[in-house]
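Open the model in your viewer and keep the sequence panel visible. Each stop below says what to select and what to look for there.

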Amino acid sequence: MSLTALLGTDLPLIQAPMAGSQDHRLAAAVCQAGGLGSIPCAMLTPAALRQELQAMRELTERPFNLNFFSHVPPEPDAAREAGWREALAPYYDELGVDPASVVVGPRRLPFNAEAAALVEEFRPAVVSFHFGLPQPDLLERVRRSGAKILSSATTLNEALWLQAQGVDAVIAQGLEAGGHRGHFLDFDLSRQLGLFALLPQLVDALSVPVIAAGGIADARGVAAAMALGAAGVQVGSAYLLCPEASTSAIHRAALQSPAARHTALTNLFSGRPARGIVNRLMRELGPLSERAPAFPLATAAIAPLRAAAEAQGSGDFSPLWAGQNVAGSRPMPAAELTRELALGFAPFAKRG
Ligand SMILES: Cc1cc2nc3c(=O)[nH]c(=O)nc-3n(C[C@H](O)[C@H](O)[C@H](O)COP(=O)(O)O)c2cc1C
């Protein structure tokens, strides 16, 4: 089955879910332009998710994707948390932040029964997961709702596992990708592959469609991924500058500055490796640090530093998620960007 038939879209193009940087507005604009818009749910309470779903339904009747994280929550580790606070202490002093103001808590919850109930109620055409898949009973509820199920793989091993669990398509997430690595079985970063190495491996080995993600920012990138056998593409960073995205002013400025040419994988902001524009915290404490608590617990102690710095117009302590190929991105309406990207499908039109 072609990807457009599977997703119910005109184009085999998914706007990547980007938690913290977009909501239903960007998703709806992409849906209206023929792609599959995504609503990132990782940072939403059930009530906020319900509002997003209602707002989405008002803007479009087209198929869309709901995206969830499916990590295993870690056990809190007091010693590690204390070490992390110690590492950040000089910054608390500098910015006049009271360490007691840190609100400890997970901040990002994995897919759970409440989210499954909302999927059953609103019946999105597609549900995608990052960090593997939820528990089998929850996954079964999604499947029975009628949603097509996608998840990201960063190695052949992960892709084969996802296929064995019955996903409808696999997203091949190359090392170029912005935001969190979706890895869930293979944690050795030195073994993570760029898209051009990963994609053909997955295309050759899988029977389900493979969607290319990572570093695709224009029609040339789309055509290259399709030439390597992708059934479609998932594009994230290129959409961050669209007026419909909720990307912060600080993040937008960084994306359009020469600094955007230097991204790195860092675990400082959440506890899991994610690609972002290199900023002060990454330069001084990382970009990777063994002191950061496990995902998503590292976020709590950074949050007041981020807020204090952002109040002064600085992104020194903000996660500036971006893929390696974001330097050429331009601010333009999402529909226009979708149409430009779609030109890359033209030579492969027969594949649908
Ligand atoms: C700002 C940002 C936030 C992201 N948040 C999510 C998310 O919530 N869920 C998810 O599955 N992927 C997330 N990703 C990763 C994307 O799904 C995708 O792998 C990536 O954007 C593709 O690479 P590109 O950014 O170079 O296009 C995020 C990426 C970015 C840039």
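In which helix do Glu140 and Arg144 both lie, and how many residues apart are they? Select the two: both belong to helix 6 (residues 136–144), and they are 4 residues apart, about one turn of the helix. Bear in mind that this is a predicted model.

**Stop 1: a salt bridge within one helix**

Keep Glu140 and Arg144 selected and show their side chains. They form a salt bridge, with the closest N and O atoms 3.6 Å apart. Now turn on the surface. Glu140 has a relative accessible area of 29%, so it is classed as partly exposed. Arg144 reaches 61% and is therefore classed as exposed.

**Stop 2: a salt bridge across the sequence**

Next select Arg291 and Glu86. Their side chains meet in a salt bridge, 3.6 Å from N to O. Why does this pair tie together parts that are apart in sequence? Arg291 is in the loop between helix 11 (280–285) and helix 12 (298–311), while Glu86 is in helix 4 (residues 78–95), so the bridge links parts 205 residues apart in sequence. Arg291 is partly exposed, because its relative accessibility is 39%. Glu86, at 57%, counts as exposed.

**Stop 3: a loop and helix 13**

Move to Glu340 and Arg330. This pair also makes a salt bridge, and its closest N and O atoms are 3.1 Å apart. Glu340 sits in helix 13 (residues 334–342) and Arg330 in the loop between helix 12 and helix 13, so the bridge ties together parts that are 10 residues apart in sequence. Both residues are partly exposed: Glu340 has 31% relative accessibility, and Arg330 has 42%.

Then add Glu94, Arg280 and Glu284 to the selection. These are joined into one network by salt bridges that share partners. Over the whole structure, a search finds 14 salt bridges.

**Stop 4: strand 8 and its neighbours**

Clear the selection and pick strand 8 (residues 210–213). Are its residues buried or exposed? Val210, Ile211, Ala212 and Ala213 are all buried. Val210 and Ala212 point one way from the strand, and Ile211 and Ala213 point the other way.

Add strand 6 (residues 169–173). It runs parallel to strand 8, and 4 bridges join the two. To find one of the pairings, select Ala172, whose bridge partner in strand 8 is Ala212.

Now add strand 9. This strand is also parallel to strand 8, with 3 bridges between them. Here Ala213 stands opposite Gln234 of strand 9.

**Stop 5: the ligand**

Finish with the ligand and the residues around it. Which residues come nearest? Of the 21 residues around the ligand, they are Pro17, Asn67, Gly215, Gly236 and Ser237. Strand 9 (232–235), visited at the last stop, and strand 3 (64–69) each contribute at least two residues to this shell. Colour the shell by residue type to see 9 nonpolar residues, 12 polar and no charged.

Now check three distances, each to an oxygen atom of the ligand:

- Gly215: a backbone N or O atom lies 2.8 Å away.
- Ala19: a polar backbone atom is 3.1 Å away.
- His130: an N or O atom of the side chain is 3.2 Å away.

Last, show the protein surface around the ligand. Taken alone the ligand exposes 590 Å², and the protein buries 97% of that.

Note on methods:
Residues are numbered from 1 along each chain as its sequence is written. This is a predicted model: local features need pLDDT of at least 70, side-chain atom pairs count only at pLDDT 80 or more; totals for chains, interfaces and linings use all residues. Side-chain values use heavy atoms; hydrogens and water are left out. A residue is near a molecule or strand if one of its heavy atoms lies within 4 Å of it. A polar contact is a pair of N or O atoms within 3.5 Å; within protein, one must be able to donate a hydrogen and the other to accept it, and residues adjacent in sequence count only if both atoms are side-chain atoms. Accessible areas come from the Shrake-Rupley method with a 1.4 Å probe; for residues, only the protein chains shown count as cover. Ala, Val, Leu, Ile, Met, Phe, Trp, Tyr, Cys and Pro count as nonpolar, Asp, Glu, Lys and Arg as charged, and the others, Gly among them, as polar. A salt bridge is a side-chain nitrogen of Lys or Arg within 4 Å of a carboxyl oxygen of Asp or Glu. Buried means under 20% relative accessible area, exposed over 50%, partly exposed in between (1.4 Å probe, protein chains only). Two strands pair if DSSP finds at least two bridges between them.
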